[in-house]
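User: I would like to learn how to read side-chain and backbone features in a model like this one. Could you take me through them one at a time, giving the general idea and then the case at hand?

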Amino acid sequence: DLGELRRLESVAAMALLGVPEQNLHFLALPEAALSQHFEYLARGLQERIAALQPDCILVPSRYDRHPDHHRPWRAG
């Protein structure tokens, strides 16, 4: 499952940066299909942002040409 692999990679990368797994939030959307689930993505991000009230949000660049990388930027 590529989605689970990506999640595990994210957990490992954040651990190297000192971010504990309990501070990570995943929407568990299908790999390479964010365009088909854009409404759920936008709603999920908005709900988490409202609940967490973060000071800073990092997303891929709006110039990133990969559709799955561009969608979180558009959803914000």
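**Reading the contacts around Arg-7**

Analyst: The charged end of Arg-7 sits over the ring of Phe-26, at 5.9 Å from the centre of that ring. Please keep in mind throughout that this is a predicted model.

User: Where does Arg-7 lie, and is Arg-7 buried or exposed?

Analyst: Arg-7 belongs to helix H1, and with a relative accessible area of 24% Arg-7 is partly exposed, because that class covers the range between under 20% for buried and over 50% for exposed.

User: How should I read a salt bridge, and how many salt bridges are counted here?

Analyst: The general idea is a distance test, in which a side-chain nitrogen of Lys or Arg has to lie within 4 Å of a carboxyl oxygen of Asp or Glu. By this rule the count comes to three salt bridges. In one of them the side chains of Arg-7 and Glu-4 meet, with 3.1 Å from N to O, and these two residues both lie in helix H1, three residues apart, or about one turn of the helix. Glu-4 is partly exposed, at 33% relative accessibility.

User: Which residue of the loop between H1 and H2 does Arg-7 pair with?

Analyst: That partner is Glu-21, whose side chain meets the side chain of Arg-7 in a salt bridge of 3.3 Å, again taken from N to O. Since Arg-7 lies in helix H1 and Glu-21 in the loop between H1 and H2, the pair ties together parts that are 14 residues apart in sequence. Glu-21 has a relative accessible area of 44% and is therefore partly exposed. Salt bridges that share partners join Glu-4, Arg-7 and Glu-21 into one network.

User: What can be said of the salt bridge between Arg-6 and Glu-9?

Analyst: The side chains of Arg-6 and Glu-9 meet at 3.6 Å, N to O, and because the two residues are three apart in helix H1, about one helical turn separates them. Arg-6 is partly exposed, with a relative accessible area of 39%, and Glu-9 is likewise partly exposed, with a value of 39%.

User: What does the aromatic pair count come to?

Analyst: In general, a pair of aromatic rings is described by the distance of the centres and the angle of the planes. Here the count comes to zero aromatic pairs, where a pair would need ring centres within 6.5 Å.

**Polar contacts and backbone angles**

User: Which backbone nitrogen atoms lie at short listed distances from the side chain of Asp-68?

Analyst: The idea is to look for N and O atoms within 3.5 Å, one able to donate a hydrogen and the other to accept it. The side chain of Asp-68 reaches the backbone nitrogen of Ala-32 at 2.7 Å, and a polar atom of the same side chain lies 3.0 Å from the backbone nitrogen of Leu-34. Asp-68 itself is found in helix H3, and its relative accessible area of 13% means that Asp-68 is buried.

User: Which residues should I look at for the sign of phi?

Analyst: As a general matter, most residues other than glycine have a negative phi. Ala-28 has a positive phi of about 55° although it is not a glycine; Ala-28 is placed in the loop between helix H1 (2-16) and H2, and at 74% relative accessibility it counts as exposed. Gln-53, also a residue other than glycine, has a positive phi near 50°. Gln-53 lies in the loop between H2 and H3, and its relative accessibility of 58% makes Gln-53 exposed.

**A patch on the surface**

User: Which residues form the nonpolar patch on the surface?

Analyst: A patch of this kind joins nonpolar side chains within 5 Å, taken from residues with over 30% relative accessible area. In this model the members are Ile-49, Ile-57, Val-59 and Trp-73, which together have about 340 Å² of accessible area. Val-59 is placed in the loop between helix H2 (38-52) and helix H3 (67-75), and Val-59 is partly exposed, with a relative accessible area of 41%.

User: How many residues lie between positions such as Arg-7 and Pro-67 along the chain, and what is the C-alpha separation?

Analyst: Arg-7 and Pro-67 are 60 residues apart along the chain, and their C-alpha atoms are separated by 18 Å.

Note on methods
Residues are numbered from 1 along each chain as its sequence is written. This is a predicted model: local features need pLDDT of at least 70, side-chain atom pairs count only at pLDDT 80 or more; totals for chains, interfaces and linings use all residues. Side-chain values use heavy atoms; hydrogens and water are left out. Patches are made of residues with over 30% relative accessible area and no salt bridge: like charges are joined within 9 Å, nonpolar side chains (Val, Leu, Ile, Met, Phe, Trp, Tyr) within 5 Å. Accessible areas come from the Shrake-Rupley method with a 1.4 Å probe; for residues, only the protein chains shown count as cover. Helices (H or I, at least four residues) and strands (E, at least two) are DSSP runs, numbered from the N terminus. Buried means under 20% relative accessible area, exposed over 50%, partly exposed in between (1.4 Å probe, protein chains only). Rings of Phe, Tyr and Trp (its six-membered ring) pair if their centres lie within 6.5 Å; planes under 30 degrees apart count as stacked, over 60 as edge-to-face and the rest as tilted. A charge sits over a ring if NZ of Lys or CZ of Arg is within 6 Å of the ring centre and within 35 degrees of the ring normal.
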